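Colleague: I am new to this structure. Please walk me through it, one question at a time.

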Amino acid sequence: MLHLCGKPHFRYSCLMFLVWVFQLVGLNSGFGLDSGLNQSLTYIWPLPCEHTSGNETLTVNPALSLSIIGHGGSFRILREGFRRYKRIIFKFSSGISVSRNSRRIRSLYDISALRIIVKSGSDELKLGVDESYTLFVDKTEGKSIVWETIIEASTIYGALRGLETFSQLCAFDYTTKSVQISRAPWYIKDKPRFAYRGLLLDTSRHHFPVDAIKSIIESMSYAKLILMHFLSRYLHIQNCGMVLTQNGSAIPSRMRVELSGIHVMAEVDVPGHAESWGAGYPDLWPNATCREPLDVTKNFTFDLISGILSEIREIFPFELFHLGGDEVNTDLWASFVLTDCWNKTRHVKQWLDKNKMKPKDAYRYFVLKAQEIAISKNWTPVNWEETFNAFAKNLNPRTVVHNWLGPGVCPKAVAKGFKCIFSNQNVWYLDHLDVSWDEVYYAEPLEGIGNASKQELVIGGEVCMWGETVDTSNVQQTIWPRAAAAAERLWSTEEALSADNNSVLQRLQYFRCLLNRRGVQAAPVTNYYARNPPSGSGSCYWQ
């Protein structure tokens, strides 16, 4: 056991000694550039649709320059993305200052420039935006002016995905103190399997400050997720381009999410899970002791929903809006909450009798009226699957059904012509801490759907980070790396995915270490309950 680090006058020597030891043996246990890696595997996550590689190793200039060409439009988002990825790529480089215009310095490196070609001038971020890209990486021969490192994409968001892939090809070599790309030349042609690749973040139970949410959004882009489903019980609209919750949490403004190429979909859950609304507006409660579901009888209830949605619409340009609707009409809730609350509140019971409704009918009435409001704001409504299970024939045809209770719902939804989002709680609820990475990875959103036209109605899937078991101290290690397992399932084609469980595990362990290097507190892949420390020598070299 080494005790020198406890002595102040030995600390510097100890540090140098440890660096030397890590350079000798650390790479084999911590995923260095080539040491300890299975060279038959492709360490890009998620796995590209098509790719070829060679056997050369190329060096990358710390003064890597960018050239963008395209058909008009604003490329500010792309330039900011390049600067962000440049900081990531050269995080561990020595920081040698070089002149960008020096041919002598440039000639020392195989790659000194990156050209990005964008075909579309539009920077609109919408569901189904073209995220395809082609990446070609080779060295520039001598003083040739030919650009040999190129990303070509239809949109800036496809180019951002290409930048992420390029950044994953780059690795710092601790011997040469340089950034290198192994197995070059690379040719990668890539696009997502599903347009909707989401992460739900529940901030209604524990405090999440702005910086924590920004960090989560940034980490999502590393796995090529595209949508954050943001759920909060307390929404207050501010003029600063933020949506603040009562406990101080926030989601970033439109520009922040565009920089990462991430949609944000808000959820206002009605009529259940809305007890907190009455803290500001007690009239929304059926009575003082019955606080949810919201009062279905009052115009004020729907006027307030309309007002909230109007204000939120100014913040969220994304075309989908989640109206919740869950845990209201299950057998348990129908007999307990609805019957006890609505049936035993005098004015609500009178209203039900007058309109010849039972509580389940009023539940349907409430959901459909909320849908009408959302559609009037030019939103497409998303509802949890209970609404489909209870009254599918009454739902607006534009409704997107969000599965969560278990398997088999998406096949039923698409059979009736509805679009569907897969979030089977048995495999894709991250608050279920006993669900292992491989259960997440092998969950198939199209299971039970053989017809190709019906498969197209499954727009994608979403892993859900409900807030009962997390706050800022452990949210990232609970999200990652299991969310990455779902991310590859949603991005990569079935043909491209590895069938061998061990090879997937090695690739995911490498990606987990990549997240650690980028400051994301991702837990060990085989971690038990996302809480235990890593065992043995298999932890990451840089954390």
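Modeller: Helices (H or I, at least four residues) and strands (E, at least two) are DSSP runs, numbered from the N terminus. This is a predicted model: local features need pLDDT of at least 70, side-chain atom pairs count only at pLDDT 80 or more, and totals for chains, interfaces and linings use all residues. Residues are numbered from 1 along each chain as its sequence is written, and side-chain values use heavy atoms, with hydrogens and water left out.

Colleague: Is the peptide bond from Glu292 to Pro293 cis or trans, and where is Pro293 placed?

Modeller: Omega is near 5 degrees for the bond from Glu292 to Pro293, and the bond is cis. Pro293 lies in the loop between strand 14 (263–267) and helix 7 (299–313).

Colleague: Which residue does a cis peptide bond join to Trp45?

Modeller: Omega is about -5 degrees here. The partner sits in the loop between helix 1 (11–30) and strand 1. The residue joined to Trp45 is Pro46.

Colleague: In what order do the eight strands of the open sheet run?

Modeller: Two strands pair if DSSP finds at least two bridges between them. The pairing in this sheet is mixed. Strand 1 (50–52) and strand 6 (170–173) have a single partner strand each, so one side of each lacks a neighbour in the sheet. The order is 1-8-4-5-3-2-7-6.

Colleague: Which residue stands opposite Ile116 in strand 5?

Modeller: Strand 3 (residues 111–118) pairs with strand 5 (residues 149–153) in the parallel sense, over four bridges. Opposite Ile116 stands Ile151.

Colleague: What angle does the direction of helix 2 make with that of strand 2?

Modeller: Helix 2 (residues 76–89) packs on the sheet and touches strand 2 (56–70), strand 3, strand 6 and strand 7 (178–184). Contact means heavy atoms within 4.5 Å. Axes are lines fitted to C-alpha atoms, for helices over the stretch in contact, and angles run from 0 to 180 degrees between N-to-C directions. The angle is about 165 degrees.

Colleague: How many residues has helix 10, and what span does it reach?

Modeller: The expected span is 1.5 Å times one less than the number of residues. For helix 10 (residues 359–376) that expected value is 26 Å, and the span is close to it. The helix has 18 residues and reaches 26 Å from its first C-alpha to its last.

Colleague: Is Asn378 buried or exposed?

Modeller: Asn378 follows helix 10, in the loop before strand 16. Its phi is near 65 degrees, a positive value in a residue other than glycine. Buried means under 20% relative accessible area, exposed over 50%, partly exposed in between (1.4 Å probe, protein chains only). At 55%, Asn378 is exposed.

Colleague: Why does Thr380 count as buried?

Modeller: Thr380 is in strand 16 (residues 380–384). Leaving aside neighbours within four places in sequence, Thr380 contacts Glu319, Leu320, Phe321, Arg398 and Val400. Thr380 counts as buried because its relative accessibility is 17%.

Colleague: Which side chain does a polar contact of 3.3 Å join to that of Thr380?

Modeller: A polar contact is a pair of N or O atoms within 3.5 Å; within protein, one must be able to donate a hydrogen and the other to accept it, and residues adjacent in sequence count only if both atoms are side-chain atoms. The partner of Thr380 is Arg398.

Colleague: What is the relative accessibility of Glu327?

Modeller: Glu327 is in the loop between strand 15 (320–322) and helix 8 (331–341). Its phi is positive, near 50 degrees. Glu327 counts as partly exposed, at 25%.
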